[in-house]
Every structure is written in structure tokens, then in C-alpha cells.
Amino acid sequence: MKRFLLILPLFLFTFCNTQNQLQPTCDDGSWFVLKKDDLSAGTHHTRHAEIFGKYVSGYNLYVLKAIDIVQAHAPDGGGYFAGLKADPPESPIGYELKLFGRSLLNPPRPTSYCSGSTYAAFIEALNLIFAGRTPKLTEERFEAARMQESDGGRREDHIKLWGKWNADGYGNHFALVQYTQMGVRIKPNQARPGDFMNISWKKGGGHSVIFLGWYLDENQTPKVVYWSSQKRTNGMGDDVVPISRIKEVCVVRLTNPQNILHFNIEQPVDINITGDKINWQSDEALSH
């Protein structure tokens with residue numbers, strides 16, 4: 001029976017990999033555990049599609065390719081900075097991010113912070129998914145995606161698409177699941193490289209990241225590997241943290257990117273949602 005359980009996920013994974021890339025990523029519900037070699041590229045690199053992309057198909061692969069595009073703008077991380085009252089203002093991402101060729105912000109700083117980096121990867125993924133086509137994005141929806149006001153000022157939390165992504169709490173859920181209906185929520189055991197994850201820390205506060213995998217270190221301590229912008233990586237880069245530091249997570253998968261062209265800019269959002277505990281079961285965790 002144990003041998004069968006090891007073979008079955010591999011079969012399902014192989015089946016998933018035969019599908020068209022322009023569709024949602026699938027999973028078999030087993031914990032995705034990375035190997036030590038998967039972390040060999042270090043903190044700052046542009047090999048996410050190469051290293052982690054071989055384990056997924058569908059839209060998550062475009063998210064991993066998008067991470068490499070964003071990271072290439074800051075090979076050393078680019079620096080981390082967040083300050084609501086800073087002058088010049090904080091910058092979600094340190095380069096001129098564009099959606100379908102149109103600028104979403106004029107960055108006041110070369111630095112970034114967590115939700116800005118994950119949003120940048122989301123936008124770059126859309127650019128890749130729609131490459132070769134001419135998407136008709138209305139002016140109202142383009143404005144909703146912008147990361148600053150027209151005068152260059154800070155777009156406040158909960159305002160339109162970026163404001164919901166950047167809001168405290170589970171911003172990926174607010175923005176992708178509820179506001180635009182571009183994604184679905186999944187359980188931690190379903191998470192695959194390229195899924196969006198909001199972390200709620202036991203010590204307080206939260207973090208917006210892109211999931212790369214679960215990991216067992218040499219002491220068999222369960223950890224999570226993700227890409228985001230944080231102080232310890234000097235801005236954008238891969239980080240590895242013990243799940244013992246995490247209170248809850250909310251994992252969201254991109255499933256309907258076409259809804260960027262159709263979403264209701266007045267769609268209400270319920271911010272009173274709860275996260276998922278990471279109920280790690282080492283005997284059920286299966287490495288790829």
C-alpha cells in the first residue's frame with residue numbers, strides 16, 4: 001500500500017504535465033516537498049522557471065517565468081523598504097511595471113516590499129499569458145490595476161485591484177478570489193510552485209509571497225520555501241522559514257486570467273476571512 005501511495009501521485013503529476021499550458025495548474029492533493037538540490041541556486045537568481053517549473057504545468061509556470069522577469073530588474077534583491085509616510089514615497093516595486101504595455105506606476109524608489117513584488121509577478125504573468133494577442137483592457141480596469149494615483153501619490157489599501165492585493169490580511173484572496181474572480185483558494189497540502197500565498201505570523205503581521213515548495217532540512221524540520229521581498233534577502237529573493245513560525249496561511253491559485261478583461265470594478269469584498277493551519281503530517285508528505 002505504501003509503495004502504491006508513492007507511485008500514484010507521480011502518475012497524476014505526469015498526467016497533469018501533458019495538458020495545455022493555458023489552463024489552471026493541477027495537483028493531486030499531496031504535499032509537495034522539495035529536494036536539497038532545488039535550493040542550490042541560492043537567494044538571488046533567475047532560474048525559477050528552470051528549477052521549479054519542471055514540477056508544474058499550466059498558469060503557475062507563467063508565474064514562475066514572471067518571477068524571473070521581476071528578479072532580473074534587481075539581481076542583488078534591490079533593497080527592501082516600506083514606510084507609509086516616507087518622502088519620497090515607498091515604492092511597491094523598483095521598476096516601471098507595465099500591463100499590456102501601459103505603465104502601472106512611476107517608481108519613486110528602486111526598492112520593493114512583499115506585496116509589490118508578488119503583484120509585479122502577477123502582472124508579468126498576465127503579460128506572458130496574453131503575449132501575441134491584443135487584449136482589450138478598458139480604461140476603468142486599467143485604472144483599477146494601477147499601483148499609484150494619477151498624481152503619483154500612494155494608492156491606499158482596499159482601493160481597487162492593487163489596493164486589495166496590498167491590504168493587510170489575505171490580500172491575494174481579496175484581489176484574486178473575490179474582487180476579480182481570477183483565482184481559487186486551495187489548501188496548504190495542494191500548494192504547488194507558482195501559487196500565491198499570504199502568511200500570518202505567530203509573532204504578528206503578515207507576508208505576501210509566491211510559494212515554491214515545502215522543505216525538510218537535515219534535521220527533518222518542516223519549512224516553507226517562497227519568493228518575495230523581505231529584509232533578510234535585501235529585497236526580492238528566495239527565503240526559507242520554519243513552519244513553526246507561521247500561524248496561518250491562505251493559498252490562492254491563478255485559474256481565470258481572462259477575467260482581467262471582465263471583472264466588476266465595483267465588486268464588494270469581505271475581509272473577514274480566516275486562514276488555514278498548516279497541519280503538517282510528515283508520514284503523508286511525499287517528495288516529487
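Here are a few worked exercises on the predicted model shown above.

**Exercise 1. Get the overall picture**

Find out how many helices and strands the protein chain has, and how its radius of gyration compares with the globule rule.

*Solution.* Start with the secondary structure: the protein chain has 7 helices and 10 strands. Next, take the radius of gyration, which is 18 Å, close to the 19 Å that the globule rule gives for 288 residues, so the chain is as compact as a globular protein of that length. For the outline, the C-alpha atoms fill a box of roughly 60 × 40 × 35 Å along the principal axes. Now look inside: buried residues make up 52% of the 288 residues. Then check the contacts between residues at least 6 apart in sequence: 66% of them join residues at least 24 apart.

**Exercise 2. Look at the surface and the charges**

Work out what share of the accessible surface belongs to carbon and sulfur atoms, and how far apart the centres of the positive and negative side chains lie.

*Solution.* The accessible surface of the protein chain comes to about 13100 Å². Carbon and sulfur atoms account for 51% of that surface. For the charges, count 31 positive and 30 negative side chains. The centres of these two sets lie 2 Å apart.

**Exercise 3. Follow the salt bridges**

Decide which parts of the chain the D28–R192 salt bridge ties together, then do the same for D276 and K187.

*Solution.* The total to keep in mind is 11 salt bridges. In the D28–R192 pair, the side chains meet at 2.9 Å, N to O. D28 lies in the loop between α1 (2–17) and β1 (32–33), and R192 in the loop between β4 (183–186) and β5 (196–201), so the bridge ties together parts that are 164 residues apart in sequence. Now compare accessibility with the 20% cut-off for buried. D28 has a relative accessible area of 25%, so it is partly exposed, while R192, at 6%, counts as buried.

On to D276 and K187, whose closest N and O atoms are 3.2 Å apart. D276 is in the loop between β9 (246–254) and β10 (286–287), and K187 is in the loop between β4 and β5, 89 residues away. Here D276 is buried at 11% relative accessibility, whereas K187 is partly exposed at 45%.

Two further items round this off. R47 and E50 form a salt bridge at 3.0 Å, N to O, with R47 partly exposed at 34%. D27, D195 and R253, meanwhile, are linked in a salt-bridge network.

**Exercise 4. Take a closer look at α7**

Is helix α7 largely enclosed or largely open? Back up your choice with its residues.

*Solution.* Helix α7 covers residues 171–179, and 8 of its 9 residues are buried, so it is largely enclosed by the rest of the structure. The buried ones are G171, N172, H173, F174, A175, L176, Q178 and Y179. Just after the helix, Q181 takes a positive phi of about 55°.

**Exercise 5. Place W162**

Find the helix that holds W162, and list what W162 touches beyond its sequence neighbours.

*Solution.* W162 belongs to helix α6 (residues 160–165). W162 is buried, with a relative accessible area of 1%. Leaving out residues up to four places away in sequence, W162 touches P92, Y113, S115, G116, Y119, A144, A145, R146, M147 and R155. Finally, connect back to α7: W162 and N172 are 10 residues apart in sequence, and their C-alpha atoms are 9.9 Å apart in space.

How values were computed:
Residues are numbered from 1 along each chain as its sequence is written. This is a predicted model: local features need pLDDT of at least 70, side-chain atom pairs count only at pLDDT 80 or more; totals for chains, interfaces and linings use all residues. Side-chain values use heavy atoms; hydrogens and water are left out. A salt bridge is a side-chain nitrogen of Lys or Arg within 4 Å of a carboxyl oxygen of Asp or Glu. Helices (H or I, at least four residues) and strands (E, at least two) are DSSP runs, numbered from the N terminus. Buried means under 20% relative accessible area, exposed over 50%, partly exposed in between (1.4 Å probe, protein chains only). The radius of gyration is taken over C-alpha atoms; the globule rule is 2.2 Å times the number of residues to the power 0.38. Contact means heavy atoms within 4.5 Å. Accessible areas come from the Shrake-Rupley method with a 1.4 Å probe; for residues, only the protein chains shown count as cover. Lys and Arg count as positive and Asp and Glu as negative; His and the chain ends are not counted. The place of a charge is taken as NZ of Lys, CZ of Arg, CG of Asp or CD of Glu.
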